[in-house]
Amino acid sequence: MKELIKLLDKDLEYIGHEIIDDTFYISARSIKKAPKCPFCGCEASGTHSYYQREFRDLPLQGKPVVIRLMTRRMFCGNPDCKHTTFAERYSFLSGNAKQTDRLKEHIIDIALETSSVAAAEVLERNAVKTSKSTICLMLKKIATPVDKRQC
């Protein structure tokens, strides 16, 4: 399991795991030395607090995976920054996302080959619960705009 969590980010440390109701719950925390403020780029001056984030990842052995990530809220080291604190960010997870980027890519890859209804059915059989409307929203976000001047 330690190696699996490192596949997400080398700066994550595996804490433990458990299986509850046929779902893998993997606990981890960041061991990054000095996270940078996403607003000004300055290194953090210290830890403000901790909170736990939960999000879904790719299934493991046909079971859904939920990662419980202990996340730090940091003090910005730049006295001129408008944000005195910030939440630690991760390269594999955007904003307040409830699923990893690689899970989103997996869902989109399947949806691009079938309809959203068929994709939702295939994904559910493979331990990824998502609705057809969620799939449609994901596809809309990746759609490229059409240049109407060429028509």
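This is a short tour of a predicted model, with suggestions for what to select at each stop.

**Stop 1: the hairpin of S1 and S2**

Begin by selecting strand S1, residues 12–20, together with strand S2, residues 23–30. The two strands pair in the antiparallel sense, over 8 bridges. To see one place where they face each other, pick Glu13 and look for Arg29 in S2, which stands opposite.

Now select the turn. The hairpin has 2 residues between the strands. Asp21 is found in the loop between S1 and S2, and so is Asp22. Which sign does phi take at these two places? For Asp21 phi is positive, about 50°, although this residue is not a glycine. For Asp22 phi is also positive, near 70°. Why pause here? Most residues other than glycine have a negative phi.

Switch on a surface view if your viewer has one. Is Asp21 buried or exposed? Asp21 has a relative accessible area of 73%, above the 50% cut-off, so it counts as exposed. Asp22, with a relative accessible area of 45%, is partly exposed.

**Stop 2: strand S2 and its other partner**

Keep S2 selected. Of its 8 residues, 6 are buried, so S2 is largely enclosed by the rest of the structure. Add strand S4, residues 63–76, to the selection. S2 and S4 pair in the parallel sense, over 6 bridges. To find a matching pair, choose Phe24, whose bridge partner in S4 is Val65.

**Stop 3: the hairpin of S3 and S4**

Leave S4 on screen and add strand S3, residues 44–60. These strands run in the antiparallel sense and pair over 13 bridges. Select Arg53 and then Leu69, its bridge partner in S4. Next, move to the turn, where 2 residues lie between the strands. Here Gln61 takes a positive phi near 55°.

**Stop 4: helices H2 and H3**

Time for helices. Select H2, residues 101–113, and H3, residues 116–125. How do they lie relative to each other? Their axes come within 8 Å and cross at roughly 130°. H2 and H3 are therefore oblique to each other, and their crossing is right-handed.

Show side chains to see what makes the contact:

- From H2, pick His106, Ile107, Ile110 and Ala111.
- From H3, pick Ala119, Val122 and Leu123.

In this contact of H2 with H3, 6 residues are nonpolar, 1 is polar and none is charged.

**Stop 5: helices H3 and H4**

Keep H3 and add helix H4, residues 132–142. H3 and H4 pack at an angle of about 115°, with their axes 8 Å apart. H3 passes H4 in a right-handed crossing. On the H3 side, select Ser116, Val117, Ala119, Ala120 and Leu123. They meet Lys132, Ile135 and Cys136 in H4. The residues of this contact divide into 6 nonpolar, 1 polar and 1 charged.

**Last stop: Leu139**

Stay in H4 and zoom in on Leu139. Which residues does Leu139 touch, leaving aside its neighbours within four places in sequence? Leu139 is in contact with Ile108, Ala111 and Leu112. Try a distance tool on the C-alpha atoms of Leu139 and Ile108: they are separated by 6.8 Å, although the residues are 31 apart along the chain. Leu139 is partly exposed, with a relative accessible area of 23%.

How values were computed: Residues numbered from 1 in each chain as written. Predicted model: local features only at pLDDT ≥ 70, side-chain atom pairs only at ≥ 80, totals over all residues. Heavy atoms only, no water. Axes fitted to C-alpha atoms, helices over the stretch in contact; angles between N-to-C directions. Helix = DSSP H or I, 4+ residues; strand = E, 2+ residues; numbered from the N terminus. Parallel < 35°, antiparallel > 145°, perpendicular 65-115°, else oblique. Left-handed = near helix turned anticlockwise from the far one by under 90°. Contact = heavy atoms within 4.5 Å. Nonpolar A, V, L, I, M, F, W, Y, C, P; charged D, E, K, R; others polar. Pairing = 2+ DSSP bridges. Buried < 20%, exposed > 50% of the residue type's maximum accessible area, 1.4 Å probe, protein only.
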